[in-house]
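Dear colleague,

I am handing over the structure that follows, and below it you will find an account of what turned up when I went through it. Please keep the model open beside you as you read, so that you can find each place for yourself.

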Amino acid sequence: MLNPNSQRDIIRRSGIHLKKGLGQHFLVDPGVLHEIVGLAAIRGDETVLEVGPGLGNLTFALAAEAQRVVALERDQRFCDLLRDRLASYPNVELIQADALFFDYSSLGSGWKVVSNLPYSISTPLLFQFLKHRDRITEMVLMLQKEVVDRLVSPPGRKTYGSLSVAIQLHCQVERCLQVPPSAFWPQPKVESGVVRFRLLEKPRVQLANEELFFQIVRASFSQRRKTLRNNLSRVWGRGSQGARFWEEVCLQVGIDPNRRGETLSLEEFAALSN
């Protein structure tokens, strides 16, 4: 375990006050750091993206394995600190940027994402990565346990939703490691988990129109207590006419229109959109 006092001293000497709203909790358990890097199986000729390097504990471990590490840090104070701490690592490129708005196409293609993601923006970040999935080979990410539960959830559970469908459509997802709060400083109030994502060459199901597929998915989960018929007709079609239309569409593909969106599999959502 890295000494929390040393981490505290580094921050204090830098005059940095942690911001609760940014969820600044630093991974200090060497065993967990080692396992994350091992799961990523980084080759010496690869580029690795890290989002939110913080004090650089994971960055150091990545830099020892990868040809190039690109670290995105939003907070200017930590960028200043990291420039000093990473001065002896010429293969690390530190960029001050908001990861939600960064131009990932600038990294080229064939890179991995290995990161302890900022929990406050982890879900929109995952959707950002999906937009660039043709450039990414693999991701190994630390996430809040509740998000991990959603990523790996099968249909029929409360944790199953739009994020589950989107990730499982394009990725093979593996829950690899459960991480307690004691692995961080300061300790968060939530459990965490490490997930490995292998990007698929093509979607898990064949889609005639992916944009329409996701419109139907989002509509189906818009009010979880309502039936497919009601949710879809509320978005497309008004009153009884819209309800009858979606009832017919559901029945044509063998889906009960009284089911709820959380019970549908990828294949059933694909059948509806196609």
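**Two helices that pack together**

In this predicted model, helix 8 (residues 210-220) packs with helix 11 (residues 266-273) at an angle of about 115°, and the axes of the two helices are 9 Å apart. Those two values were chosen because a pair of packed helices is described by the angle between the axes and the distance between the axes. The crossing in which helix 8 passes helix 11 is right-handed. On the side of helix 8, the residues that take part are Leu212, Phe213, Ile216, Val217 and Ser220, and they meet Leu266, Phe269, Ala270, Leu272 and Ser273 of helix 11. Sorted by class, the residues of this contact are eight nonpolar and two polar, with no charged residue among them.

**The chain as a whole**

It may help to step back here and look at the whole protein chain, which has 11 helices and nine strands. Its C-alpha atoms fill a box of roughly 65 × 35 × 30 Å, when the box is taken along the principal axes. The chain has 274 residues, and buried residues make up 49% of them. If you consider the contacts in the chain with a separation of 6 or more, 67% of them are accounted for by residues that lie 24 or more positions apart.

**Empty space: a pocket and a cavity**

Rolling a probe the size of a water molecule over the atoms shows where empty space is left. The second largest pocket has a volume of about 190 Å³, and its lining is made up of Phe127, Leu130, Lys131, Arg133, Ser162, Ala166, His170, Glu210, Phe214 and Arg218. Helix 5 (122-131), helix 7 (162-170) and helix 8 are the elements that give two or more residues to this lining. By class, the lining of the second largest pocket has four nonpolar, two polar and four charged residues.

How many cavities of 30 Å³ or more does a search of the whole structure find? The search finds one, and the volume of this largest cavity is about 50 Å³. The residues that line the largest cavity are Lys145, Val148, Arg175, Leu177, Gln178, Ser192 and Gly193. Helix 6 (145-151), strand 7 (171-179) and strand 9 (192-199) each supply at least two residues of this lining, and the largest share, three residues, comes from strand 7. Divided by class, the lining of the largest cavity has two nonpolar, three polar and two charged residues.

**Some single residues to look at**

Is Glu50, which you will find in strand 2 (residues 47-51), buried or exposed? Glu50 counts as buried, because its relative accessibility is 2%, and the cut-off for buried is under 20%. Leaving aside its neighbours within four places in sequence, Glu50 is in contact with Leu58, Thr59, Leu62, Val70, Ala71, Leu72, Val114 and Ser115. One of these contacts, Val70, is 20 residues from Glu50 in sequence, and the C-alpha atoms of the two are 6.2 Å apart in space.

Thr159 lies in the loop between helix 6 and helix 7, and with a relative accessibility of 30% Thr159 counts as partly exposed. Apart from neighbours within four places in sequence, Thr159 is in contact with Asp149, Arg150, Ser153 and Ser164. The C-alpha atoms of Thr159 and Val148 are separated by 9.5 Å, and the two residues are 11 residues apart along the chain.

Arg74 is found in the loop between strand 3 (68-73) and helix 4 (76-85), and Arg74 is exposed, with a relative accessible area of 53%. From Arg74 to Trp185 there are 111 residues in sequence and 19 Å in space, C-alpha to C-alpha.

**Two backbone details**

Most residues other than glycine have a negative phi, and most peptide bonds are trans. Trp185 and Pro186 are joined by a cis peptide bond, with omega about -15°, and Pro186 lies in the loop between strand 8 (184-185) and strand 9. Ala41 has a phi near 45°, which is a positive value in a residue other than glycine. Ala41 lies in the loop between helix 2 (30-40) and strand 2, and Ala41 is exposed, with a relative accessible area of 51%.

With best wishes

Terms used
Residues are numbered from 1 along each chain as its sequence is written. This is a predicted model: local features need pLDDT of at least 70, side-chain atom pairs count only at pLDDT 80 or more; totals for chains, interfaces and linings use all residues. Side-chain values use heavy atoms; hydrogens and water are left out. Axes are lines fitted to C-alpha atoms, for helices over the stretch in contact, and angles run from 0 to 180 degrees between N-to-C directions. Helices (H or I, at least four residues) and strands (E, at least two) are DSSP runs, numbered from the N terminus. A crossing is left-handed if the near helix is turned anticlockwise from the far one by less than a right angle, and right-handed if clockwise. Contact means heavy atoms within 4.5 Å. Ala, Val, Leu, Ile, Met, Phe, Trp, Tyr, Cys and Pro count as nonpolar, Asp, Glu, Lys and Arg as charged, and the others, Gly among them, as polar. On a 1 Å grid over the protein atoms alone, a cavity is a set of points where a 1.4 Å probe fits but cannot get out, and a pocket is an open set with protein on both sides within 12 Å along at least five of seven lines; lining residues have an atom within 4 Å of a point. Grid points are joined across faces, edges and corners, and a volume is the space filled by probe spheres set on the points. Buried means under 20% relative accessible area, exposed over 50%, partly exposed in between (1.4 Å probe, protein chains only).
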